[in-house]
Amino acid sequence: MSSSVQSVVSQPYKYGFVTDIESDSLPRGLSEDVVRAISAKKNEPQFMLDFRLKAYRRWLTMEEPAWPNVKYPPIDYDDIVYYSAPKQSEKKLDSLDDVDPALLETFDKLGISINEQKRLANVAVDVVFDSVSIATTFKEDLAKHGVIFCSISEAIHEHPELVKKYLGTVIPTGDNYFAALNSAVFSDGSFVYIPKGVKCPMDLSTYFRMNNGDTGQFERTLIVAEEGSSVTYLEGCTAPMYDTNQLHAAIVELVALDNAEIKYSTVQNWFAGDENGKGGIYNFVTKRGLCKGVNSKISWTQVETGSAITWKYPSCVLVGDNSVGEFYSVALTNNYQQADTGTKMVHVGNNTRSTIISKGISAGKSKNSYRGLVQVNPKAEGARNYSQCDSMLLGDTSNANTFPYIQVQNSTAQVEHEASTSKIGEDQLFYFAQRGISPEDAVSMIISGFCRDVFNELPMEFAAEADKLLSLKLENSVG
Amino acid sequence: MTKSISTTNVSASAVNRATYLKHLLTQASAAADESTLPLKALRDQAIATVSDHTFPSGRDEEWRFTDLSDMLSLPFQRAAKGTDAHQLAFSAVQSDYQLASLNGHYRSSDSKTLKQAGVVVAPLSELLQSPDYTQKLEAIVSSRLAQLQGAEEVFTALNTAGFTDVMVVWLAADQVIEEPVCVVRESEGEAIAHLRTLVIAERHAKLTLVESFSGTGEATRCNTSVTEIWLAEGAQVNHVRLQDESAETFHIAKTAVDQAANSRYQCTAIDLGAKLSRHHLEVYQSGPQTDTHMYGLSALGDRQLADTHSLLTLIHPHSSATQIQKNIVDDKAHAVFNGKVFVAQTAQLTDAAQLNRNLMLSNKARIDTKPELDIVADNVKCAHGATVSQLQPDEVFYLQSRGISAEQAQRLLLYGFAMEIVEKISIESLRQSLSDRLTEWAQ
């Protein structure tokens with residue numbers, strides 16, 4: 001971009017502090033013993049150990065995918081700590097008062113309200129620190145409605161029948177390299193079960209924090225919405241600044257039965273590395289929703305601003321007739337960030353519909369790719385898809401790509417895809433200047449307008465946060 | 001490290017593919033040895049390139065949707081000079097410049113060549129014997145033949161290793177030929193042939209090139225075709241490509257284009273025939289302000305497969321490009337489209353638009369499309385779109401309400417869909433013949 005808009009440095013990462021807290025970690029490296037140790041530490045039943053071992057053995061036979069449009073040095077899987085938990089007394093926590101104050105302080109700094117007095121916002125939060133779930137709020141209130149919201153380790157003990165029935169059904173253990181790795185070593189995550197006909201009374205939320213420098217974070221989320229139920233779920237994440245790269249390989253599985261609706265929103269703000277591309281999180285995540293029942297609906301909304309590398313394709317498998325899949329995404333990359341993200345919409349049932357809206361913003365020397373798949377199976381009558389992916393380039397050293405795959409095997413399908421690339425025009429900035437608006441404000445307004453279609457899908461608080469986040473990330477990009 | 005590096009088992013099919021490629025290469029070299037063209041260095045290089053490759057499988061991203069495994073059981077032999085005495089002619093276009101070949105072997109009886117100071121339309125084998133083949137011309141040809149980017153692709157290299165002749169079209173600076181130059185390619189019998197064409201338009205030269213590929217008989221065969229087109233500054237080439245091979249043909253083609261500053265290139269590719277056809281159109285830029293138009297139409301039935309791959313690489317500023325690819329698939333046919341547009345940081349002020357539209361007429365048909373944009377420059381206008389659908393019932397109904405039968409309405413809509421591409425062809429007689437052909441196809 002010419003004179004007035006230039007990529008310079010972005011706002012320093014404000015969540016980059018390290019909490020000095022004693023942790024209980026396994027030694028580095030991965031072997032069958034480590035997998036057994038993780039399972040034993042969590043006191044898991046036999047079926048979970050079998051699940052992990054099956055995944056681990058599968059992982060050994062797999063190869064790391066080379067097709068994403070990202071570059072990174074080879075990962076040494078033996079140099080990662082696969083389990084790390086903040087040291088706490090052995091006994092179960094009765095209330096938040098028992099939680100290490102240093103931890104609470106950490107989350108205060110992050111602006112997460114797990115303290116009792118801050119529970120004014122009507123959102124139930126599950127907090128995951130390194131590999132372990134720290135606290136889940138509003139549990140009792142939710143239980144009154146029959147909603148189960150707890151950490152997945154807790155669910156394995158208390159609701160093994162549900163976990164056994166759904167875990168790994170959407171993303172099988174051998175689905176892909178990182179999914180297999182996660183299935184073998186996942187430490188914690190959230191579990192949500194919404195019973196038949198229940199509209200979840202409040203938004204549910206998980207907050208992930210990576211603290212330890214050598215830890216990989218492998219969390220796993222499972223959400224099951226029974227017939228006629230609905231739930232809105234939010235996910236947020238941050239990590240301290242280290243100049244080494246950390247691996248984050250998570251799995252999210254959603255199951256929506258007849259007439260159920262799940263809305264899953266993410267604001268991802270892992271540490272992205274410094275302006276020279278040093279450090280940052282490798283965010284290799286598998287997210288997939290299964291619209292199992294008729295008229296079910298799964299909607300993914302994501303705002304991706306962090307991570308050195310993002311490799312993520314929240315997908316919908318539309319099995320139930322008339323089911324609906326949606327994907328709304330804003331991906332912002334700056335400096336040396338690389339993002340290869342998009343979605344997959346697999347149409348299996350009749351009259352299934354999907355919408356994809358993807359907005360990519362690339363600044364600095366970053367690389368931003370949209371990769372999508374729309375697949376209409378031979379028996380899916382009357383499938384409908386609309387995809388739109390727009391890219392905005394700030395500066396002429398960043399890179400925008402689109403790789404949309406469209407595979408149609410049924411003639412009654414209607415599939416549309418469109419993509420465009422643009423920049424912020426001098427004339428637009430001039431128009432703002434005429435009205436006394438500075439270039440910085442103008443750029444931030446234009447970007448916020450560019451992302452409007454996606455932000456509209458976010459819950460209110462999240463939308464405001466996302467908007468702010470984008471302007472922070474691009475601060476000083478205008479000069 | 002406990003994770004052992006898994007040794008990939010060399011599967012039986014991989015062995016199969018390796019042997020098959022070796023077989024094709026042997027046939028290609030034998031064909032090259034029989035031809036008298038003194039191109040040893042070029043051939044050796046191509047042989048080395050092919051030897052570095054494996055025969056493509058579905059695991060190669062570029063061949064993911066185009067399955068060549070049917071070929072593996074067909075041990076094609078190099079094509080002999082055809083015996084058929086019938087006249088090779090391209091009825092749709094009458095021209096004074098025609099180069100005809102049967103199974104890749106040049107047929108002088110059916111050709112009308114031209115060798116004069118400013119214009120050459122002749123096969124290389126004949127040029128070599130001619131006193132008009134000056135050192136200067138030789139230098140021009142040898143600096144261009146097989147020198148375009150993308151030559152390391154396996155079928156292109158195989159073609160270089162095995163072509164029996166090269167159809168050469170050369171226009172000196174400021175030369176303009178109004179009549180189209182026709183390159184007529186016919187095939188017969190069970191064989192593999194490697195067809196090669198080299199077109200050079202010097203500064204401000206202008207020509208229309210018509211390539212036609214067709215075959216007779218029911219024999220299974222394979223044709224690889226490579227057409228290299230060089231446009232110097234301000235040159236204009238209007239290229240029409242008509243692929244109407246016989247039903248059991250594997251047609252694997254590459255058109256590689258180099259565009260210098262201010263040049264204009266248009267390709268209109270029509271795919272009607274072949275069992276499996278692939279057209280890889282690559283346009284490279286060697287100067288600013290180029291203008292590129294890529295149009296394509298595939299109309300397929302039965303179990304036909306047509307694959308259009310295109311690559312447009314823009315590295316200079318102020319260029320414009322349009323692409324429209326339309327596919328109609330009926331029965332169990334399968335259309336593949338992969339259009340790549342790369343806009344480098346140096347290609348500011350590019351205006352590129354790409355559209356892929358697919359019409360599915362049967363539930364057994366299949367479409368795989370992937371329009372791709374890769375953009376680094378920020379001051380550009382780039383867009384692409386892709387659609388897949390069937391004929392719209394409301395459009396059919398509208399025509400019915402005007403007293404046109406449903407069947408006729410469908411034919412009319414199909415015809416309209418296809419003609420948008422055909423109308424880009426500037427040769428009236430060819431437009432007419434294709435229009436008739438499509439009307440017949442739509443029946």
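A: Two residues are in contact if their C-beta atoms, placed from the backbone, lie within 7 Å. Let's try that out on one residue. This is a predicted model, in which local features need pLDDT of at least 70 and side-chain atom pairs count only at pLDDT 80 or more, while totals for chains, interfaces and linings use all residues. Residues are numbered from 1 along each chain as its sequence is written, and chains are lettered from A and ligands numbered from 1 in the order in which they are written.

Q: Leaving aside neighbours within four places in sequence, which residues is B:Q410 in contact with?

A: B:L391 and B:V396, once those sequence neighbours are set aside. B:Q410 sits in helix α7 of chain B. Helices here are DSSP runs of H or I with at least four residues, strands are E runs of at least two, and both are numbered from the N terminus. You can also check a C-alpha distance: B:Q410 and B:P393 are 17 residues apart along the chain, and their C-alpha atoms are separated by 9.3 Å.

Q: Is B:Q410 buried or exposed?

A: Neither, quite. A residue is buried with 20 or more other C-beta atoms within 10 Å of its own, exposed with 12 or fewer, and partly exposed in between. B:Q410 has 17 C-beta neighbours inside 10 Å, so it counts as partly exposed.

Q: What about a whole helix: how many residues of α5 of chain B are buried?

A: In helix α5 (residues 154-162) of chain B, 9 of the 9 residues are buried, so the helix is largely enclosed by the rest of the structure. Among them are B:F155, B:N159 and B:G162. For the other chain, try a percentage: buried residues make up 57% of the 479 residues in chain A.

Q: At what angle do α7 and α8 of chain B pack?

A: Axes are lines fitted to C-alpha atoms, for helices over the stretch in contact, and angles run from 0 to 180 degrees between N-to-C directions. Helix α7 (residues 406-422) of chain B and helix α8 (residues 428-442) of chain B pack at about 150°, with their axes 10 Å apart. Angles under 35 degrees count as roughly parallel, over 145 as roughly antiparallel, 65 to 115 as roughly perpendicular and the rest as oblique. So α7(B) and α8(B) are roughly antiparallel to each other. To find where they meet, look at residues including B:L414, B:A418 and B:V422 in α7(B), and B:L434, B:L438 and B:A442 in α8(B).

Q: And how do the axes of α6 and α7 of chain B cross?

A: At roughly 120°, with the axes of helix α6 (residues 393-401) of chain B and α7(B) coming within 9 Å. That makes α6(B) oblique to α7(B). On the α6(B) side the contact is made by B:E395, B:V396, B:L399 and B:Q400. Our friend B:Q410 is one of the α7(B) residues that take part, which also include B:A409 and B:L413.

Q: Which domains does the assignment give for chain B?

A: Domain 1 (13-287) and domain 2 (392-443), with bounds that come from an automatic or database domain assignment. Their C-alpha centres lie 32 Å apart, and 9 residues of domain 1 are in contact with 9 residues of domain 2 in chain B. On the domain 1 side of chain B, β8 (206-215), β10 (236-244) and β12 each give two or more residues.

Q: Which residues touch the most other members of the largest nonpolar core?

A: A nonpolar core is a set of buried Ala, Val, Leu, Ile, Met, Phe, Trp, Tyr and Cys residues joined through C-beta atoms within 7 Å. Of the 243 residues in the largest one, A:A225, A:L254, A:A256, A:I262, B:A201 and B:V343 touch the most other members. Strand β7 (residues 192-201) of chain B gives the largest share, 7 residues. Both domain 1 and domain 2 of chain B contribute at least three residues each. Zoom in on A:A225: not counting residues up to four places away in sequence, it touches A:I194, A:V255 and A:I262, among others.

Q: How many residues of chain A are in contact with chain B?

A: 38 residues of chain A are in contact with 35 of chain B. Among the elements that each supply at least two residues on the chain A side are β21 (384-393) and β23 (414-422). The largest share there, 10 residues, comes from β22(A). Chain A comes to 11 helices and 23 strands.

Q: Which residues have a positive phi although they are not glycine?

A: Try B:A274, at about 75°, and B:D302, at about 45°. B:A274 is in the loop between β12 (264-271) and β13 (276-285) of chain B, and it counts as buried with 27 C-beta neighbours inside 10 Å. B:D302 lies in the loop between β14 (291-300) and β15 (305-314) of chain B, and it is exposed, with 10 other C-beta atoms within 10 Å.
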